[in-house]
Amino acid sequence: ALDVAWKGDMTFASCSTDKTVQICRVGLARPIKTYTGHADEVNAVKWDPSGNLLASCSDDCTAKVWDINSPRNEPKWDFKSHQQEIYTVKWSPTGPGSKNPNKMLLLATASFDGSVRLWNVANGSCLRILSRHRESVYSVAFSPSGEYLASGSLAGQLYIWNVGDGKHIKSFKGKGDIFEVAWNVEETRVAACFSSNVVSVIDFKKP
């Protein structure tokens, strides 16, 4: 397995090199559901704030959104516009079940094609293509309000974007490759993990 994500205390999703996504419950020997729509290994799984939608992404260059309340084993959405492998997906902290319930729920996908894409999960459309990175993007993170997005790539490039208009509003370049980015709760700092054994903390002021 390559990733695991809890939904509550008893249920979790996992994904694997065997191209499947499985939903399991503690105490049960077999998965509750197995999704087999991906054509290559599945790199990440993430639950949306409501716990009703599960996103997965794969080396098959697609990201899929599964509605776990649906009897069908087909994805609700199948996002196919990335040109290379998708390493990770992240949900915005918005929409039903979040602290920002009146804002639109979005899914961010980060790919080795150097782009980050923002998807409107209500209608399945691609809302934004964020394409300043020149190297593979390994990490993305929405700010706590959902209004900003940080992304980090190989060659140490960090960008912060305005989710509303897709504009890039801050850059930072460090040594090594960035493998994870994370916001603080106050939305005033972004931390980035570099392969050079450094964690950089970047101050952020809202424009």
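The exercises below concern a predicted model of one protein.

**Exercise 1. Overall build**

Task: State which secondary structure elements the protein has, and how its radius of gyration relates to the globule rule.

Solution:
- Step 1. The protein has 19 strands and zero helices.
- Step 2. Its radius of gyration is 17 Å, close to the 17 Å that the globule rule gives for 207 residues, so the protein is as compact as a globular protein of that length.
- Step 3. Along the principal axes, the C-alpha trace spans about 45 × 35 × 30 Å.
- Step 4. Of the 207 residues, 50% are buried.

**Exercise 2. The nonpolar core**

Task: Find which residues of the largest nonpolar core touch the most other members, and which strands supply at least two residues each.

Solution:
- Step 1. The largest nonpolar core has 14 residues, and the ones touching the most other members are Val65, Trp91, Leu107 and Val121.
- Step 2. At least two residues of this core come from each of strand S6 (53–58), strand S7 (63–67) and strand S9 (86–91).
- Step 3. As a general point, nonpolar side chains in soluble globular proteins tend to be buried together.

**Exercise 3. A nonpolar patch on the surface**

Task: Name the residues of the nonpolar surface patch of about 300 Å², and decide whether Met10 is buried, partly exposed or exposed.

Solution:
- Step 1. The patch is made by Trp6, Met10 and Val26.
- Step 2. Met10 sits in the loop between strand S1 (3–7) and strand S2 (11–15).
- Step 3. Met10 has a relative accessible area of 41%. Buried means under 20% and exposed means over 50%, so Met10 is partly exposed.

**Exercise 4. Salt bridges**

Task: Say how many salt bridges the whole structure holds, and describe the partners of Glu180, Glu187 and Arg189.

Solution:
- Step 1. The whole structure holds seven salt bridges.
- Step 2. Glu180 pairs with Lys90, with the closest N and O atoms 3.6 Å apart. Glu180 lies in strand S17 (residues 178–183) and Lys90 in strand S9, so this pair ties together parts that are 90 residues apart in sequence.
- Step 3. Glu187 pairs with Lys206 at 3.2 Å, N to O. Glu187 is in the loop between S17 and strand S18 (189–194), while Lys206 is in the segment after strand S19 (198–203). With a relative accessible area of 3%, Glu187 is buried.
- Step 4. Arg189 pairs with Asp203, the closest N and O atoms being 3.2 Å apart. Arg189 belongs to strand S18 and Asp203 to strand S19, 14 residues apart. Arg189 is partly exposed, at 42% relative accessibility.
- Step 5. A network of salt bridges links Lys64, Asp78 and Lys80.

Technical notes. Residues numbered from 1 in each chain as written. Predicted model: local features only at pLDDT ≥ 70, side-chain atom pairs only at ≥ 80, totals over all residues. Heavy atoms only, no water. Patch = residues over 30% accessible without salt bridge, like charges linked within 9 Å, V, L, I, M, F, W, Y side chains within 5 Å. Areas by Shrake-Rupley, 256 points an atom, 1.4 Å probe, with all protein chains shown as cover. Salt bridge = Lys/Arg side-chain N within 4 Å of Asp/Glu carboxyl O. Helix = DSSP H or I, 4+ residues; strand = E, 2+ residues; numbered from the N terminus. Buried < 20%, exposed > 50% of the residue type's maximum accessible area, 1.4 Å probe, protein only. Rg over C-alpha atoms; globule rule 2.2 N^0.38 Å. Core = buried A, V, L, I, M, F, W, Y, C linked by side-chain atoms within 4.5 Å.
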